[in-house]
Amino acid sequence: MKNKKTAIILFVILIVVIVLAVIFFPKKTGTEAGEPGSTVDSTQPPVIPENRITRIQLPSGTDQVIYHDTAKPEASVITLNVGNFESFVLKCFQGENCVLGDDPMKMYQDFKAAGNNRAVDSLISFLRSKLRKPEFKDQYKDIVKKMIEDFYPPEEKQFQEAAYYNYLGDLNKSLELYLDLKEKAKTNPKLHDVSNLNIANTYYDLKRYSDAQPYYEAALLDYTSGKIKSAPDPTSFVEERIAEIKARLYHTQ
């Protein structure tokens, strides 16, 4: 009888020990961070430091993004003014670090008074690209808006406004304007139509990957067929985005 009681007590103690071990020392699985077999959230874009990214502004008013395996070396800053603006602004669009040395509104007025519409358009594009950076956003956002309203004709204005809101970070507003313009352009050829790549990039930045995919595929056809020509050629960038999105959507099925 005594041995039976002892056995029962030992069994109860063993059960308690097992329960406590499960609670306080859970078994690790291969899906924990840092272990082999771990999984990542494939619906989120990778976080890459800005010093490993080069953004090239395309003529369509959107960016081609180039990722680097290592951090870019510190580059000298190009200071733009009225005299050298047209000589150096292309380098800025190709990813060089540039700042303005002259008052932007005065530069705008000088270029406009001289009838240099190409320089005005480049100046607006340059200032618009700076809106992505917090240190320039408040400084330039009102100026760029005024320039767009003052300079562009009605058939160009909605496209420029959509690009403006995109760089400003109001992606939903930008997408709304892009999609509306895409529809209007079907019946009004005078309007500055929006490229499939602009819409694709906006959907991508909103993390709406399944919506972005058909626009990237249409953009790939635009460039490979020669319907749209751009320097630099964004074909490889578009192909990489399509492959990335297919992988994301596969892992979320």
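## Val89 and its surroundings

Let's start with Val89, which is found in helix H2 (residues 85-93). Helices here are DSSP runs of H or I with at least four residues, strands are DSSP runs of E with at least two, and both are numbered from the N terminus. This is a predicted model, in which local features need pLDDT of at least 70 and side-chain atom pairs count only at pLDDT 80 or more, while totals for chains, interfaces and linings use all residues. Residues are numbered from 1 along each chain as its sequence is written, and side-chain values use heavy atoms, with hydrogens and water left out.

Is Val89 buried or exposed? Val89 is buried, because its relative accessible area is 6%. The cut-offs are these: buried means under 20% relative accessible area, exposed means over 50%, and partly exposed lies in between, using a 1.4 Å probe and protein chains only. Setting aside neighbours within four places in sequence, Val89 is in contact (heavy atoms within 4.5 Å) with Leu80, Ser122 and Phe126. Ile78 sits eleven residues from Val89 along the chain, and the C-alpha atoms of the two are separated by 9.1 Å.

## A disulfide

Helix H2 (residues 85-93) carries Val89; now to the cysteines. A search of the whole structure finds one disulfide, that is, a pair of cysteine sulfur atoms within 2.5 Å. Which residues form the disulfide? Cys92 and Cys98 do, with their sulfur atoms 2.1 Å apart. A disulfide is a covalent bond between the sulfur atoms of two cysteines.

The torsion about the S-S bond of Cys92 and Cys98 is about -95°, so this disulfide is left-handed. Both partners are hidden from the probe to the following degree: Cys92 is buried at 11% relative accessibility, and Cys98 is buried with a relative accessible area of 1%.

## The two sides of helix H10

Next comes H10, which spans residues 235-251. With 17 residues at 1.5 Å a residue, H10 should span 24 Å, and its end C-alpha atoms are 25 Å apart, which agrees. The expected span is 1.5 Å times one less than the number of residues.

The buried residues of H10 are Thr235, Phe237, Val238, Arg241, Ile242, Ile245 and Arg248. They cover an arc of only 155° around the axis, so they lie on the same side of H10. The arc is taken from the directions from the helix axis to the C-beta atoms. On the other side of H10, Glu240, Tyr250 and His251 are exposed.

## Salt bridges

How many salt bridges does the structure hold? There are eight, each being a side-chain nitrogen of Lys or Arg within 4 Å of a carboxyl oxygen of Asp or Glu. One of them belongs to H10: the side chains of Arg248 and Glu244 meet at 2.8 Å, N to O. Arg248 and Glu244 are four residues apart in H10, so about one helical turn separates them. An α-helix has 3.6 residues a turn, so residues three or four places apart point the same way. Arg248 is buried at 7% relative accessibility, whereas Glu244 is partly exposed at 23%.

Another salt bridge joins the side chains of Glu149 and Lys145 (2.9 Å, N to O). Both residues lie in helix H5 (residues 134-151), four residues apart, or about one turn of the helix. Glu149 counts as partly exposed, at 43% relative accessibility. Asp211 also forms a salt bridge, with Arg208, and their closest N and O atoms are 3.0 Å apart. Asp211 is partly exposed at 29% relative accessibility, and Arg208 is partly exposed at 37%.
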